[in-house]
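Hi everyone, thanks for coming. Today I'd like to walk you through the links between side chains in one protein. Let me put it on the screen.

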Amino acid sequence: MPDTKTKRAFVALEPLKPLLPALVVACALLALWFAWSGWQQQRDGGRRATVEQSRDQAVQAIATALASEHKRFADKLADPAFNSAVASGENARAAELLAAGWPGASKPAVLAPQLDEDYAALPDGSYGRLAALEAALVEGKPVSWVVRDGDASRLALAAPVGDEERARAVALVLLPLQRITGPVDAVALPGDGYLALRQGRQSLVERGDASLAGGAEALAAAVPGSNLRVAAGIPYPAFAPFGLGALACFIAAGVFALLALLAWRGPRLLARRRSGALDESDEGSSQTLGESMSDDSLAAPATESVPLAAAAAAVAPVILDREIFRAYDIRGIVGKSLDVGVAERIGHAIGSVMHEAGQREIVVGRDGRLSGPDMLEGLITGLRKAGRDVIDIGLAPTPLVYFGAYHLKAGSCVSVTGSHNPPDYNGFKIVIDGETLSGDAITGLYARIAEGRLHVADSEGALEQRDINDDYVQRVATDIQIDRPLKVVVDAGNGVAGELGPAVLQAIGAEVVPLYCEIDGNFPNHHPDPSEPHNLADLIQMVDRLDADLGIAFDGDGDRLGVVTRDGHNIFPDRLLMLFAADVLERNPGAQIIFDVKCTGRLPGYVLRHGGSPLMWKTGHSLVKAKMRETGAELAGEMSGHFFFKERWYGFDDGIYSAARLLEILAAQPGRPSDVLDALPDGVSTPEIKVDAPGGDPHAFVERFVGEADFDGARLSTIDGLRVDWPDGWGLVRASNTTPVLVMRFDADSNEAMARITGTFREQLLALDPDLQLPF
């Protein structure tokens with residue numbers, strides 16, 4: 001018989017009996033929900049794996065086909081008879097030899113490297129053919145390119161002919177497009193998947209569910225040795241409860257199923273064991289649910305409840321590095337301080353801030369980095385977990401993401417980009433309710449994640465894919481049409497502006513020659529940072545070769561602009577800002593013009609002479625935008641190449657729109673654009689000088705420098721680092737907010753003044769740290 005204590009326990013638990021049926025039902029339903037979610041995710045994982053396998057098979061087959069054709073091409077170019085014909089100037093004979101015995105080869109050509117005939121044939125000629133020929137000459141190696149040939153598309157192979165020092169000619173041959181589209185048609189593909197072979201924005205062949213085309217770039221894979229890629233799409237994956245994976249969902253289902261069983265059978269079995277009434281025959285007996293619930297001896301077990309959060313604990317912890325939360329964006333190294341889990345937490349934090357601000361919709365996009373699809377996927381998951389509705393515009397320059405926030409009336413956006421950093425970096429530029437996050441707002445996201453202050457919505461937010469490229473092009477083109485055609489070479493450094501930038505400049509009436517405009521997250525030709533003069537060398541050479549009016553360079557995410565003239569001069573952004581300011585002030589007398597601490601000392605006087613109000617401010621795109629909102633400035637610019645037009649635009653930094661405004665100004669003035677730009681006030685100045693910071697901490701060093709340096713008789717400014725102004729020049733030392741370096745710049749009226757200023761700074765810097773490696 002049960003003892004007195006057991007009886008008392010059963011009596012105490014008696015009031016809980018009515019709750020047990022509901023507990024059993026709730027646990028059973030949760031078990032079914034988690035099991036169904038696990039099965040859905042397992043199915044989605046299998047579908048994704050199948051589509052990715054098909055994509056990889058297509059990529060490999062295309063790469064193999066291209067390699068085979070390139071080998072045949074190389075054999076033709078190495079043929080003695082072919083080279084003899086080229087050496088003798090018999091280009092027509094060389095072209096015949098090029099296609100002889102090559103199945104499917106058509107329209108062979110061997111041309112002089114100046115390509116005069118092809119240029120003369122424009123606009124009726126083939127821009128694609130010309131682009132292939134120019135690419136072969138610039139890269140100095142064979143290239144493959146899909147071009148239009150009448151009403152059809154063909155695969156063009158082009159290569160320089162001659163030694164490494166100088167090309168005597170350039171050869172081209174067209175092949176059937178089937179050589180590279182066939183592998184896409186041949187691979188197996190599930191009925192609900194999607195594959196496409198793409199070059200730039202053009203899909204050369206598509207298979208499967210075309211409704212997935214908009215988001216297919218997330219699973220795109222490049223074809224090695226070409227500017228082609230195979231994009232892949234699958235239906236959006238099933239909802240993952242609490243972010244749990246399939247295995248964790250199955251485990252949670254088992255836990256809740258066990259709880260349901262215990263709530264049903266456990267109390268009776270426990271009561272019988274304690275009363276001594278349970279024997280071996282009882283253990284083997286069965287009882288219906290109704291009998292169990294109607295049994296007078298049933299009592300609730302005295303156990304602690306298991307919250308749903310316990311199931312979520314099965315997810316591996318995410319290590320968050322505080323250092324990636326910087327002054328005006330979030331940026332880190334993928335695989336070290338950034339991964340999908342970190343991106344999800346960041347998205348969840350952003351969504352939580354939006355929830356508190358009453359903001360529902362947000363636009364997201366990414367640059368061309370290889371880690372972009374994973375980072376974007378994690379970001380979207382976190383935003384939707386917070387109940388935010390996400391509009392994914394896919395592969396997009398940062399200015400296009402900003403534009404999307406206005407155009408789609410979302411008010412908030414995130415650009416997933418590593419900007420001009422090396423390929424293994426990535427990051428997030430964030431706008432919430434029209435305000436670009438910086439400073440405490442950025443570090444506040446870290447604190448929110450670390451403290452667990454993350455809003456979890458009752459239901460996840462919606463996801464929509466949109467393509468707004470054409471909307472952006474049309475918006476710029478309706479604002480700007482240049483008075484006369486200008487020929488410009490555009491170097492995107494293989495960054496994400498490589499498609500949209502040329503399209504915009506063509507739409508406003510410019511003749512555009514693309515250079516390194518194929519989007520490639522490896523940045524194979526040069527680093528996409530136009531503030532570094534050596535990155536402009538190829539652009540300068542191309543402008544000279546083509547006798548173009550101007551060279552335009554964009555950084556990795558398209559929000560910065562670099563400019564070179566026909567004469568090979570690099571027009572620093574602070575001088576470009578003078579030109580922009582004079583133009584804006586013609587229509588807005590007295591307007592405020594903001595510039596950062598790295599800009600030339602001649603800029604304030606130039607703005608004043610044109611009737612404006614100059615204001616120097618801190619470096620950083622988000623800091624400048626905040627100051628523009630505060631002051632109502634019509635224009636701002638930074639030495640790094642960020643330009644912010646409020647007049648006729650939206651006030652965000654946009655390298656593509658800035659390039660269009662520049663062409664508008666230059667086309668409206670007579671004479672060569674080079675002459676207009678060279679006439680801007682100039683002196684002796686350095687580009688940005690970057691020096692590794694002692695101990696990797698530039699902020700600590702600059703703080704010491706501000707406190708200990710002695711520049712007697714000069715005017716000091718500590719807005720951002722230490723800027724020291726003399727009547728004939730100035731110098732600056734500040735801490736970079738994106739990399740562990742000291743940023744310096746010097747500007748003077750003469751070489752003698754420059755030598756004195758740099759010498760003074762060198763003495764002061766080495767007095768603080770003799771081991772500094774100073775390049776001046």
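Let's begin with disulfides: a search of the whole structure turns up zero of them. Please keep in mind that this is a predicted model. As a reminder, a disulfide is a covalent bond joining the sulfur atoms of two cysteines. Two cysteines to look at while we're here: Cys517 has 9% relative accessibility, and because buried means under 20%, it counts as buried. Cys599 is buried too, with a relative accessible area of 0%.

Now for the charged side chains. How many salt bridges does a search of the whole structure find? The count is 42. I've picked three to show you.

Here is one of them: Asp549 and Arg566 meet through their side chains, at 3.1 Å from N to O. Asp549 sits in the loop between helix H18 (537-546) and strand S18 (550-554), while Arg566 sits in the loop between strand S19 (561-565) and strand S20 (570-571), so this salt bridge ties together parts that are 17 residues apart in sequence. Are these two buried or exposed, or something in between? Asp549 counts as buried, at 14% relative accessibility, whereas Arg566, at 23%, counts as partly exposed.

Next, please find Lys598 and Glu688. Their side chains form a salt bridge of 2.9 Å, N to O. This pair links distant parts of the chain, 90 residues apart. Lys598 is in the loop between strand S21 (592-596) and helix H20 (602-609), and Glu688 is in the loop between strand S25 (684-685) and strand S26 (689-692). Both ends are out of the way of the surface probe: Lys598 is buried at 3% relative accessibility, and Glu688 is buried with a relative accessible area of 11%.

My last pair is Arg661 and Glu647, whose side chains meet in a salt bridge at 2.7 Å, N to O. Arg661 belongs to helix H22 (residues 655-667), and Glu647 lies in the loop between strand S24 (643-645) and H22, 14 residues away in the chain. Arg661 has 0% relative accessibility, so it counts as buried. Glu647 is buried as well, at 8%.

Which residues join this pair in a network of salt bridges? Along with Arg661 and Glu647, the network includes Asp479, Asp583, Arg587, Arg648 and Glu664.

So, to recap: zero disulfides, 42 salt bridges, and a network that takes in Arg661 and Glu647. Thanks for listening!

Methods: Residues are numbered from 1 along each chain as its sequence is written. This is a predicted model: local features need pLDDT of at least 70, side-chain atom pairs count only at pLDDT 80 or more; totals for chains, interfaces and linings use all residues. Side-chain values use heavy atoms; hydrogens and water are left out. A disulfide is a pair of cysteine sulfur atoms within 2.5 Å. Buried means under 20% relative accessible area, exposed over 50%, partly exposed in between (1.4 Å probe, protein chains only). A salt bridge is a side-chain nitrogen of Lys or Arg within 4 Å of a carboxyl oxygen of Asp or Glu. Helices (H or I, at least four residues) and strands (E, at least two) are DSSP runs, numbered from the N terminus.
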